[in-house]
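User: Could you take a close look at the aromatic pairing in this protein for me? I'm new to this, so please walk me through it step by step.

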Amino acid sequence: MDSVSHRGPRLVALADTALQRLLTSAGSLRYAAVLTDDGFAVSTLSAGEDADSGRFASIASTLQALGEAAGRELLTAGGSTAVLIDTQAGRIAQLRVDGTTLVLAALFDDDGAADGILTPLRGCAAALAASIRRDDPSDDPTETRSDPNRSAL
């Protein structure tokens, strides 16, 4: 993906909608971003925490790559890899938007259990993936394809 395609108005609008959904479903959300594998922010949302979006996206994309590599190398079960960092000050949770090169990453207050964070994050990522599929994935620059005649979404 080049540095321009992640800023396409259609993709940005879908990502904006997904982040608003996450905000309404996760009360402890402080900051969230939809980002590309190479660390470009597609859309960000600040809910009380003003984060450096470029820095957050860069760190989150690196964490996602590391989490996915660890999952492939150390675990035999398939499925999506959620990355969760838990500290006394809060949590970072993120996961792949299925069938794309996008990652949904969020920073949360320390309130609540990990399930209270991962459940809305998974729901938001699934909704974003479904929105991308419904919105004509044939011209989506973030689509992952292994066979050019068949959509991976």
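Analyst: Here is a walk through the aromatic pairing, with a bit of the setting around it. Keep in mind that this is a predicted model. Let's get our bearings: the protein has three helices and five strands, and along the sequence they come in the order α-β-β-α-β-β-β-α.

Now for the rings. The count comes to one aromatic pair. The partners are Tyr31 and Phe56, with 4.9 Å from centre to centre and 75° between the planes. The pair counts as edge-to-face because 75° is over the 60 degrees needed for that label. Along the chain, the partners sit 25 residues apart: Tyr31 belongs to strand S1 (residues 29-36) and Phe56 to helix H2 (residues 53-74), so the pair links distant parts of the chain.

Are these two residues buried or exposed? Tyr31 has a relative accessibility of 2%, so Tyr31 counts as buried. Phe56 comes in at 12%, and that makes Phe56 buried as well.

While we're at helix H2, have a look at Glu68, which is also found there. Glu68 has a relative accessible area of 16%, so this residue is buried too. Leaving out residues up to four places away in sequence, Glu68 touches Thr81 and Arg96.

Zooming out, buried residues make up 42% of the 153 residues in the protein. Among contacts with a separation of 6 or more, 54% are between residues 24 or more positions apart. As for the outside, the protein exposes about 7900 Å², and carbon and sulfur atoms supply 51% of that.

Definitions and conventions:
Residues numbered from 1 in each chain as written. Predicted model: local features only at pLDDT ≥ 70, side-chain atom pairs only at ≥ 80, totals over all residues. Heavy atoms only, no water. Phe/Tyr/Trp six-rings, centres within 6.5 Å; stacked < 30°, edge-to-face > 60°. Helix = DSSP H or I, 4+ residues; strand = E, 2+ residues; numbered from the N terminus. Buried < 20%, exposed > 50% of the residue type's maximum accessible area, 1.4 Å probe, protein only. Contact = heavy atoms within 4.5 Å. Areas by Shrake-Rupley, 256 points an atom, 1.4 Å probe, with all protein chains shown as cover.
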